[in-house]
Amino acid sequence: MGVEVRTESITKSFGSQRIWQDVSLTLPPGEVSALLGPSGTGKSVFLKSLIGLLRPERGSIYIDGTDITTCSNKELYEIRKLFGVLFQDGALFGSMNLYDNVAFPLREHTKKSESDIKKIVMEKLELTGLLGAEGKLPGEISGGMRKRAGLARALVLDPQIILVDEPDSGLDPVRTTYLSQLLIDINAQIDATILIVTHNINLARIVPDNIGMLFRRQLVMFGPREVLLTSEEPVVKQFLNGRMQGPIGMSEEKDEAQMAREQAMFDSGHSDGGAEEVEGIIPQMKAQPGMPVRQAVFRRRERVRQVLHTLPPAAQEAIRESLESNGDADTQVIPAYQGTYDTTVRQNLTNG
Ligand SMILES: Nc1ncnc2c1ncn2[C@@H]1O[C@H](COP(=O)(O)OP(=O)(O)OP(=O)(O)O)[C@@H](O)[C@H]1O
Ligand SMILES: [Mg+2]
């Protein structure tokens, strides 16, 4: 099973620029969590801090109980092997074809034979819909394919923690849904702890068990998905509905005066370009038929029951509803994915 990732009051600055401060959260082992936030709020910096590529100046980061901000380089090297990471830019080696890119961690970190490596690489390429493209160089394929190749590479060492930075960027809406399904299926198959950094509201609404959001150098919230999805917090509502009206501006946070002017415009009927507000919570995506039952569902159910009384009333209500209606949740499939999904998912990911 995946391991616990816990940050305790971490603060990160570059020179005099404070990126975020006092960020404390726990990624529950084996569950899928998402981190949202406007551009530039330090989501990628957070992700890089979790694997020790960047070092917060204050606070601790515990990976399976070891504080990676104080451990030795040797320990850090061992701990990194637990991770599979998809960086925002894919970070593929430009001069290596996809096969060699995906094989790289296996050649670097294991003593597996080339024939064993081939088995694993081809399996991950198939999983991500890249069979047939293994001879291509990163420069010869689409952005979406590069993302998926990065994901294939992140999976080859059977990681216990998977960090993915905007896996959906550069993917069309349909492939984003396939990718969402893939992440849920991977969680069902290997029970890894997963953190998805994303801007994608649709993905955030249906994939993660837990959601957090960074804004104004703080972690605004982090907890069971229902907490954020029912939140009345202005920044959360603005983000979830893609509106201009609210505290998030184009390049920076808005001041009070500007927010008041916009509110007046909005009240007088001027469209702010956002989507229709979604009422209620969309049910979470399930693993496809044929996949193992996602163990995280049961663990989360117990965990959430215990903290239920501490959550805001709207979140409590949403959780109670889902607990009641979800007796058969782990076998139930949302209608759009019924039927021939298993074979189509791979075909449709190909040619991306
Ligand atoms: N190595 C670095 N040195 C100095 N500043 C950095 C470094 N990495 C990131 N930053 C700064 O930290 C801030 C947060 O960057 P980050 O890439 O984490 O944002 P983000 O939330 O991932 O944004 P996006 O959604 O656009 O990917 C930015 O102002 C960025 O310029
Ligand atoms: Mg980023």
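## Sheet, helix α1 and a magnesium site

V164 has I196 of β8 as its bridge partner. The model is predicted.

That bridge pairing belongs to two neighbouring strands. Strand β7 covers residues 161-165 and strand β8 covers residues 193-197. The two run parallel and are joined by 5 bridges.

The wider sheet is open and has 6 strands, ordered β6-β7-β8-β3-β9-β10. Its pairing is mixed. The edges are held by β6 (83-86) and β10 (218-224). Each has a single partner strand, so one side of each lacks a neighbour in the sheet. From one strand to the next, the twist averages 15 degrees.

Helix α1 (residues 43-50) packs on this sheet. The helix touches β3 (32-36), β6, β7, β8 and β9 (210-215). The direction of α1 makes about 155 degrees with that of β7.

Helix α1 also takes part in metal binding. The magnesium ion (ligand 2) has S44 and Q88 as its protein donors, at 2.0 to 2.2 Å. These two residues connect distant parts of the chain, 44 residues apart. S44 sits in helix α1, while Q88 lies in the loop between β6 and α3 (98-109).

How do the two donors compare in atom and accessibility?

| Donor | Atom | Relative accessible area | Class |
|---|---|---|---|
| S44 | OG | 19% | buried |
| Q88 | OE1 | 35% | partly exposed |

S44 counts as buried because its 19% relative accessible area is under the 20% cut-off. Q88, at 35%, is partly exposed because that value lies between 20% and 50%.

Key: Residues are numbered from 1 along each chain as its sequence is written. Chains are lettered from A and ligands numbered from 1 in the order in which they are written. This is a predicted model: local features need pLDDT of at least 70, side-chain atom pairs count only at pLDDT 80 or more; totals for chains, interfaces and linings use all residues. Side-chain values use heavy atoms; hydrogens and water are left out. Two strands pair if DSSP finds at least two bridges between them. Helices (H or I, at least four residues) and strands (E, at least two) are DSSP runs, numbered from the N terminus. Axes are lines fitted to C-alpha atoms, for helices over the stretch in contact, and angles run from 0 to 180 degrees between N-to-C directions. Contact means heavy atoms within 4.5 Å. Donors are N, O and S atoms within 2.8 Å of the metal (3.2 Å for Na, K and Ca); water is not among the atoms, so sites may look incomplete. Buried means under 20% relative accessible area, exposed over 50%, partly exposed in between (1.4 Å probe, protein chains only).
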